[in-house]
Amino acid sequence: MNKEIYMAGPWVTEFEEKIVLDALRNGWYGKNAYAYVEKFEAEFAAYHDRQFALMTPNCTTAIHLLLAGLGITEGDEVIVPECTWIASAAPITYQRAKTVFVDIDPVNWCVDPLKLEDKITDKTKAVIVVDLYGNMPDMDALQEICDRRGIYLIEDAAESLGSMYKGKRAGKFGVGSVFSFHRTKTITTGEGGMLLLDNKELYERCKFLRDHGRAPGTYFNTEVTFKYMPSNLLASLGYAQFLRIDELVEKKRWIWKKFMEHLSDVPDLHFNPEPAHVLNGVWCTALVFGKSHGVTKQYMMDEFTKMGLPSRPFFYPLTFLPAFNGPCEEGRKNSPVAYDISERGINLPCAFSVTEQQIETISNAMKSILEKRKGHDFGIQHSTQKIPTDNASAPY
Ligand SMILES: Cc1ncc(COP(=O)(O)O)c(C=O)c1O
């Protein structure tokens with residue numbers, strides 16, 4: 001029987017149930033009240049070769065905490081890639097700093113170092129580099145630019161748990177890195193995030209900012225700050241999932257490999273890349289249709305919907321979104337690669353429940369859609385992305 005195909009969702013087993021039950025029964029008093037948070041933070045930091053970790057309610061708050069910890073505020077500029085989830089950029093606005101958008105690399109879909117330098121001004125404080133869909137940017141080049149120009153590199157590793165770049169884990173780059181444990185991510189706590197750091201002073205500052213501006217154990221607040229404290233119960237789930245990380249990353253990679261295998265007879269399809277120096281954790285299998293296919297993401301998603309199949313759009317360029325006063329012609333001019341790739345990209349179902357039979361069903365559906373479009377010209381180079389009528393799959 002072919003079960004329903006889900007776009008995203010976790011893999012939770014009896015192993016997690018036992019650990020969460022322990023937290024539920026015992027994780028409330030004295031030393032136990034934050035025991036799973038402390039264990040999860042310590043082991044997650046060690047795994048990523050970082051000195052310090054702070055669990056947060058989600059990844060968005062982890063980014064916010066780091067920007068605040070670095071003292072980024074009104075009058076400062078922070079650079080983000082055009083194509084990412086809005087969460088990478090929203091905390092810049094929370095801090096009343098200015099968001100500056102940079103184009104992406106045509107192959108790895110992450111910040112293009114060749115375009116970054118032009119965006120740096122004397123107001124620039126940081127660049128938030130995103131490991132999109134598990135792909136790794138050219139970290140050496142980006143770090144070199146940041147060091148030379150005296151700006152912080154922040155790594156948004158929300159989507160790259162398990163990825164590696166030249167033998168270093170995603171999450172080891174820059175002054176700090178952040179992860180997401182959202183329901184749709186490789187390991188989940190339902191909602192959750194983590195901030196990783198190496199600098200003790202910055203860690204102490206972020207820890208202070210995380211809990212209402214007070215020294216631990218005191219009720220004496222010296223600043224008005226945030227309440228971004230983690231839950232021990234959720235940390236127990238994160239910790240249990242983390243102990244299964246190899247198995248979880250392997251399944252994500254399996255989904256990606258199976259899609260490539262079932263679509264190997266179709267030319268000009270571009271999946272998450274994995275160059276020799278990268279291991280891709282492939283949080284989500286993404287696919288960019290080569291121009292020879294003449295299809296837009298909206299066309300493909302609409303056809304999928306008609307067939308009852310889920311899909312999601314490749315991230316819209318942020319300057320295209322009304323949230324950033326888009327659609328904006330200047331954004332398109334400044335970031336032609338982001339607009340072009342985003343127009344032709346979709347995300348394929350990457351729930352842990354996905355079976356090979358389902359991958360085959362989706363692949364065959366895609367082949368029939370592409371076959372039907374052969375010879376048609378969508379005029380992609382002239383088209384504009386449309387405000388979406390989104391696919392029927394889960395909204396989050
Ligand atoms: C690249 C990126 N950054 C940040 C986030 C924010 O994560 P969260 O939903 O845990 O706040 C996400 C989550 O979807 C993401 O994909």
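In which loop is Tyr133 found? Tyr133 sits in the loop between strand 4 and helix 6, where helices (H or I, at least four residues) and strands (E, at least two) are DSSP runs numbered from the N terminus. This report describes a predicted model, in which local features need pLDDT of at least 70, side-chain atom pairs count only at pLDDT 80 or more, and totals for chains, interfaces and linings use all residues. Residues are numbered from 1 along each chain as its sequence is written, and side-chain values use heavy atoms, with hydrogens and water left out.

**Ligand site**

The ligand is surrounded by 14 residues, a residue being near a molecule or strand if one of its heavy atoms lies within 4 Å of it. Thr60, Asp156, Glu159, Ser180 and Lys185 come nearest. The shell divides into five nonpolar, six polar and three charged residues. In this classification Ala, Val, Leu, Ile, Met, Phe, Trp, Tyr, Cys and Pro count as nonpolar, Asp, Glu, Lys and Arg as charged, and the others, Gly among them, as polar.

The table lists polar contacts of the ligand; such a contact is a pair of N or O atoms within 3.5 Å, and within protein one must be able to donate a hydrogen and the other to accept it, while residues adjacent in sequence count only if both atoms are side-chain atoms.

| Side chain | Ligand atom | Distance |
|---|---|---|
| Asp156 | nitrogen | 2.7 Å |
| Ser180 | oxygen | 2.8 Å |
| Lys185 | oxygen | 2.7 Å |

Taken alone, the ligand exposes 390 Å², of which the protein buries 91%. Accessible areas come from the Shrake-Rupley method with a 1.4 Å probe; for residues, only the protein chains shown count as cover.

**The seven-stranded sheet**

An open sheet of seven strands follows the order 1-9-8-5-4-2-3 with mixed pairing; two strands pair if DSSP finds at least two bridges between them. Strand 1 (52–56) and strand 3 (98–102) form the edges, each pairing on one side only. On average, neighbouring strands of this sheet are turned by 20° against each other, direction ignored. Axes are lines fitted to C-alpha atoms, for helices over the stretch in contact, and angles run from 0 to 180 degrees between N-to-C directions.

Strand 4 (residues 124–130) pairs with strand 5 (residues 152–156) in the parallel sense over five bridges. Ile128 stands opposite Ile154 in strand 5. Helix 6 (residues 139–149) lies across strand 4 and strand 5, and runs at about 145° to strand 5. Helix 7 (residues 200–210) also packs on the sheet, touching strand 1 and strand 9 (193–197), with a direction about 20° from that of strand 1. Contact here means heavy atoms within 4.5 Å.

**The four-stranded sheet**

A further open sheet, of four strands, has the order 10-12-14-13 and antiparallel pairing. Strand 10 (269–271) and strand 13 (312–313) are at its edges with a single partner strand each, so one side of each is left without a neighbour in the sheet. Strand 10 and strand 12 (residues 286–289) pair in the antiparallel sense over three bridges, and Phe289 in strand 12 is the bridge partner of Leu269. Helix 10 (residues 297–306) packs on this sheet, where it touches strand 12, strand 13 and strand 14 (345–347); its direction makes about 40° with that of strand 14.

**Loops and backbone geometry**

Most residues other than glycine have a negative phi, and most peptide bonds are trans. Tyr133 has a positive phi near 55°. Asp49, in the loop between helix 2 and strand 1, likewise has a positive phi, near 55°. The peptide bond from Gly326 to Pro327 is cis, with omega near -5°, and Pro327 is placed in the loop between strand 13 and helix 11 (329–334).

Ala33 lies in the loop between helix 1 (14–26) and helix 2 (35–47). Ala33 and Ser231 are 198 residues apart in sequence, with a C-alpha to C-alpha distance of 9.2 Å. Apart from neighbours within four places in sequence, Ala33 is in contact with Gly27, Trp28 and Asn232.
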